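Welcome! Have the model open beside you, and let us walk through some of its parts together.

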Amino acid sequence: MGDGRGRTAGRWRTAGSALVRVIVVWAVSTLTLLALAGLLPDFQLQSADGDSPTRLAVTAALGAGAFGLLSALVWPVIVRALLLVPALVLGLLVFFLNGSLLLVALRLVPDSSAAAAPETAVVVAAVMSAVASATSTALAVRDDDAYRRRLYRLADRTRPRSRTAEGAPEPAHGTVFLQLDGVGHQVLRDAVADGLMPTVAHWLDTSHRLTPWRTDWSSQTGASQLGILHGSNEDVPAFRWYEKDTGRLMVSNRPASAVELQRRAVARTRDGGLLTVDGASRGNLFSGGADQIALVLSVAARRGRRNRSRSGYFAYFCDPANAVRTAGSFVAEAVREAVQSTRARLRGQTPRVSRGYSYPFIRAFATVVERDVVVAAVVGDILAGRTAVYADLVAYDEVAHHSGPHGHDTDQVLARLDRSLALIAQVAEHAPRPYHFVLLSDHGQSPGPTFEGVYGLTLKDLVRAGCGLPVSRRVRRTRSGSEARDAARDALRSALHRPLDEIGRETEDLGPVRPSEPVVLASGNLGLVSFPGVPHRMTREEIDRSHPALLRTLANHPGIGFLLVASAEHGSVVLGPDGAEIPVGALADDGPLAVFGPGAADAVRRTDGFPHVADIMVNSMYDPATGTVHAFEEQIGSHGGLGGEQTRPFLLSPTALAAPSEPLVGAEQVHRVLRGWLRECAGPQVPLETVPRPEAARALLPVDEPSLRKPSD
């Protein structure tokens with residue numbers, strides 16, 4: 001009987017507290033509206049003849065109340081309807097939609113003379129939403145239940161959370177895996193030493209260990225994350241590659257390709273993935289077998305009601321205060337990028353790549369919108385008590401590609417990422433179960449000027465010249481490029497016995513690639529050359545017969561470190577400068593691979609066995625003295641091949657979990673370590689018993705039919 005009265009009294013106290021908060025927020029919003037009417041010339045709450053103070057206050061109160069109700073009831077419906085709009089556009093629409101709601105709210109006030117210019121309404125609505133959000137949050141600070149409910153609501157989670165009964169055993173630990181995309185081991189160490197990441201520094205001082213690991217040859221998110229989440233990255237030779245048997249161009253960050261890669265991994269491992277049991281996947285390329293997904297690329301190919309990936313945007317943007325705050329940060333980040341880009345250009349900073357046109361908005365989306373949505377989703381997962389969460393925060397990787405992996409621009413990004421980690425760790429104090437936090441990266445980044453910037457021509461131009469084909473008009477003269485191009489032309493002239501002026505002749509747009517022409521693809525400082533007219537992997541002997549100067553031109557170019565090509569005589573060979581030639585079977589970490597460090601030979605040997613390895617695999621040069629490579633695309637911070645920091649990511653794990661028993665080599669080994677930790681935390685992952693039938697495999701994947709296209713412990 002007493003318990004019943006206590007529960008009833010508790011419910012009344014909760015309801016009373018909520019009512020008080022609503023009244024206070026309404027009052028503050030009313031005062032804000034009055035203040036803005038006095039400050040902004042194009043916003044008025046009274047008629048030209050003037051109204052009494054009482055009438056003015058009533059108009060402000062009714063307007064603030066109507067705006068609050070519309071924000072609570074209509075805004076979520078608007079956002080739901082706009083889920084098909086690209087997220088980048090949705091972020092820009094937030095201000096205008098919020099301003100429209102304010103204009104509607106003012107019209108709903110009876111006998112009101114309130115009016116605002118459209119552009120002023122946008123400003124007023126933004127300030128109103130921000131003030132209401134700040135007031136509501138401040139009132140909830142001293143109320144843990146209210147604070148938790150607010151954070152929980154941000155992620156749109158409805159699963160009830162159980163409380164531990166008196167005397168019941170402590171619930172098992174959950175595990176949150178937070179991937180800092182592109183942050184190398186040394187970059188993290190430097191950021192901690194420089195005071196940029198105090199949260200990470202605290203973890204290292206009190207509860208965590210830092211372990212480096214080594215990527216596969218393909219040091220990029222597609223290969224690494226597929227291996228980490230699904231236990232196999234077999235036959236992923238690069239970020240993008242051409243498959244002769246299907247005629248398909250695979251690109252890791254295209255939804256259709258991500259679907260196919262995940263399907264292959266599930267079929268190969270007979271396992272749903274790291275997150276199969278009570279897991280959540282946030283902001284990743286692949287689902288990891290999770291049931292709870294948001295912003296997962298392999299789910300973006302779904303159509304209809306089964307596509308839940310974009311629901312992460314709805315969960316976050318349904319709160320207009322979140323929408324306004326993130327939209328404001330989005331604009332600020334775009335302006336920040338414009339300022340930083342202009343400063344780098346005025347200072348003559350080198351190396352430098354183009355950062356104009358749409359890039360400021362792409363950067364703002366990665367560093368603000370995606371970060372905020374993913375963090376909110378992780379917060380919801382923690383408060384829901386999920387067993388395993390894996391989230392990818394891509395901000396650093398995006399900025400480092402264009403600003404370089406070291407410097408002021410990336411330092412700012414790392415500091416903001418650390419604040420996100422601190423928020424997530426603080427929220428865990430309100431979770432229904434304790435959590436382990438595992439921080440990791442999928443690869444690092446290596447600095448250096450682009451191949452084209454140094455030599456005046458792209459890898460595609462060099463390959464076409466080596467094949468005796470015309471090259472584009474983009475080829476220009478540089479000091480290094482002139483020397484390399486002259487050497488290439490000498491080799492061509494002697495091999496083909498053609499006049500010099502016919503070799504490398506400039507043409508306009510080449511149009512679609514013909515079967516007889518090579519397909520040249522770039523994945524950071526890793527290049528792939530395929531000949532689609534030949535159905536099998538071409539051997540060195542066949543290439544020499546068809547294009548006598550090509551391999552010699554590539555191997556002897558100063559911007560290229562080594563080549564991998566099949567050989568009828570030796571199986572496969574690695575070619576280097578000055579005629580260096582080593583069969584893959586006898587390959588060791590010396591010779592052409594010496595500068596690339598330990599493990600390079602094993603990485604090359606493994607890739608050589610992939611069914612879809614290119615006819616010619618091209619790795620750029622690497623200078624160990626400066627740590628630089630030459631990307632074959634427009635990036636001054638790159639990853640994708642061998643050489644430097646790009647192959648040395650990190651794993652930051654709680655000391656309460658078993659330390660890795662051996663050096664970590666490859667993403668598949670990282671997967672095994674993470675899975676072991678889940679078992680250690682009493683979070684079993686149940687593998688599939690057999691290779692899934694086609695219909696069963698599709699149930700694990702985001703499409704209905706096969707596709708051809710991120711307190712502590």
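Let us begin with a helix: H21 (residues 600-608) lies across strand E16, strand E17 (571-575) and strand E19, running at about 40° to E16. Keep in mind that this is a predicted model. From this helix we can move on to the sheet below, then to a second sheet, some aromatic rings and a cavity.

**The sheet of 6 strands**

- The strands that H21 lies across include E16 and E19, and both belong to an open sheet of 6 strands in the order E14-E15-E19-E16-E17-E18, with antiparallel pairing.
- At the edges of this sheet you will find strand E14 (519-523) and strand E18 (581-583), each of which pairs on one side only.
- From one strand to the next, the twist averages 20°.
- Another helix, H17 (residues 459-466), packs on this sheet and touches E14, E15, strand E16 (560-567) and E19. The direction of H17 makes about 150° with that of E14.
- For a look at one pairing, try strand E15 (residues 526-530) and strand E19 (residues 616-620), which pair in the antiparallel sense over 4 bridges.
- Which residue in E19 is the bridge partner of Gly527? It is Val618.

**The sheet of 8 strands**

- A useful reminder here is that strands of a sheet pair through backbone hydrogen bonds, either parallel or antiparallel.
- An open sheet of 8 strands follows the order E8-E7-E9-E3-E10-E23-E4-E24, and its pairing is mixed.
- Strand E8 (292-294) and strand E24 (664-665) are the edge strands here, each pairing on one side only.
- Strand E7 (residues 279-282) pairs with E8 in the parallel sense, over 3 bridges.
- To find a spot in this pairing, look for Ala280, which stands opposite Gln292 in E8.

**Aromatic rings**

- How many aromatic pairs does a search of the whole structure find? The search finds 8.
- One aromatic cluster is formed by Trp217, Phe562, Phe596 and Tyr622.

**The second largest cavity**

- Trp217, a member of that aromatic cluster, is also one of the residues that line the second largest cavity.
- This cavity has a volume of about 50 Å³.
- Alongside Trp217, the lining has Asp216, Ser218, Ala223, Asn233, Val236, Arg606, Thr607 and Phe610.
- Sorted by class, the lining has 4 nonpolar, 3 polar and 2 charged residues.
- Helix H21, where we started, spans residues 600-608, and the cavity lining includes Arg606 and Thr607.

Conventions
Residues numbered from 1 in each chain as written. Predicted model: local features only at pLDDT ≥ 70, side-chain atom pairs only at ≥ 80, totals over all residues. Heavy atoms only, no water. 1 Å grid on protein atoms, 1.4 Å probe; cavity = no way out; pocket = protein on both sides within 12 Å on 5 of 7 lines; lining within 4 Å. Points joined across faces, edges and corners; volume = space filled by probe spheres on them. Nonpolar A, V, L, I, M, F, W, Y, C, P; charged D, E, K, R; others polar. Pairing = 2+ DSSP bridges. Helix = DSSP H or I, 4+ residues; strand = E, 2+ residues; numbered from the N terminus. Axes fitted to C-alpha atoms, helices over the stretch in contact; angles between N-to-C directions. Contact = heavy atoms within 4.5 Å. Phe/Tyr/Trp six-rings, centres within 6.5 Å; stacked < 30°, edge-to-face > 60°.
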